[in-house]
Amino acid sequence: MRTVLFGLILLAVGKVWFQDHTYRTAMSDAVVDAYRDHAIEICRRMALKRGADARADGVYAWGPASKAEAVIGNPYIDVAIWDTQNPQWNQRFRDPQLILSSTDSAARCVYDVRQGNATLSLAAR
């Protein structure tokens, strides 16, 4: 009897995990599809504002081949979770972000979906 009960519990946990995983994957794909083109445009503009060094590495780094990932909160902002009075707390832990990674360099662009701005991290090749 314990074996049957344990099996039913495992099936219930597996069902909840599968539904949650499927939902999160579908929502992530929807955010990427909806905001990818706009994020690429903003990242290219930000790279042009940085100057000539960014023009060689940043502008051509962002394109349809760049890897995109939707996440909640910007993991590259240094804010503690208990520091709720910090003006960047929502960006760090609450707002949806689209992280674009270059395929040919270590360049990274984090696009904030709610605010419509981007943060660049360009690295040398």
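Asp-104 is partly exposed in this predicted model, because its relative accessible area of 45% falls between the cut-offs of 20% for buried and 50% for exposed. Its place in the chain is the loop between β2 and β3. Trp-62 is 42 residues from Asp-104 in sequence, yet the two C-alpha atoms are 9.9 Å apart in space.

That loop belongs to a hairpin, with six residues taking the chain from β2 to β3. Strand β2 covers residues 96-101, and it pairs with β3 in the antiparallel sense, over five bridges. To pick out one spot on this pairing, Ile-99 stands opposite Val-110 of β3. On to the next strand: β3 also runs antiparallel to β4 (residues 118-121), and four bridges join these two. Here Tyr-111 has Ala-118 in β4 as its bridge partner. The hairpin of β3 and β4 has five residues between its strands, and one residue in it, Gly-116, takes a positive phi near 80°.

So how enclosed is strand β3 by the rest of the structure? Four of its five residues (108-112) are buried, so the strand is largely enclosed. Cys-109 lies in this strand, and at 0% relative accessibility it counts as buried, because the cut-off is under 20%. Not counting residues up to four places away in sequence, Cys-109 touches Cys-43, Trp-62, Leu-98, Ile-99, Leu-100, Ala-118, Thr-119 and Leu-120.

One name on that list, Cys-43, deserves a closer look. A disulfide joins Cys-43 to Cys-109, with the two sulfur atoms 1.8 Å apart. The pair ties together distant parts of the chain, since Cys-43 sits in helix α1 and Cys-109 in strand β3, 66 residues away. For students new to the term, a disulfide is a covalent bond between the sulfur atoms of two cysteines. How many of these does a search of the whole structure find? The search turns up one disulfide. The C-alpha atoms of Cys-109 and Cys-43 are separated by 6.3 Å. As for handedness, the torsion about the S-S bond of Cys-43 and Cys-109 is about -80°, so the disulfide is left-handed. Like its partner, Cys-43 has 0% relative accessibility and therefore counts as buried.

Both cysteines turn up again in the nonpolar interior. The largest nonpolar core has 16 residues, and those with the most contacts inside it are Cys-43, Trp-62, Leu-100, Cys-109 and Tyr-111. Helix α1 (2-50) and strands β2, β3 and β4 each supply at least two residues of this core. The largest share, six residues, comes from α1. Leu-100 has plenty to touch: leaving out residues up to four places away in sequence, its contacts are Ala-39, Ile-40, Cys-43, Trp-62, Ser-66, Lys-67, Ala-68, Ala-107, Arg-108 and Cys-109.

Some of those names also appear among the buried residues of α1, where Val-32, Arg-36, Ala-39, Ile-40, Ile-42, Cys-43 and Ala-47 are all buried. This helix isn't straight throughout, as α1 bends by about 50° at Tyr-35.

Zooming out, the protein has three helices and four strands. Read along the sequence, they follow the pattern α-α-β-α-β-β-β. Of the 125 residues in the protein, 30% are buried. Contacts between parts of the chain that are well separated in sequence also show up in the totals: among contacts with a separation of 6 or more, residues 24 or more positions apart account for 51%.

How far can the details be trusted? The mean pLDDT of the protein is 85, and 87% of its residues reach 70 or more. Among the elements, α1 has the highest mean pLDDT (92), while helix α2 (residues 52-59) has the lowest (52). Where pLDDT is low, the predicted coordinates should not be read in detail.

Methods
Residues are numbered from 1 along each chain as its sequence is written. This is a predicted model: local features need pLDDT of at least 70, side-chain atom pairs count only at pLDDT 80 or more; totals for chains, interfaces and linings use all residues. Side-chain values use heavy atoms; hydrogens and water are left out. Buried means under 20% relative accessible area, exposed over 50%, partly exposed in between (1.4 Å probe, protein chains only). Two strands pair if DSSP finds at least two bridges between them. A nonpolar core is a set of buried Ala, Val, Leu, Ile, Met, Phe, Trp, Tyr and Cys residues joined through side-chain atoms within 4.5 Å. Contact means heavy atoms within 4.5 Å. The bend at a residue is the angle between axes fitted to the seven residues ending there and the seven starting there. A disulfide is a pair of cysteine sulfur atoms within 2.5 Å. pLDDT is the predictor's confidence in each residue, from 0 to 100.
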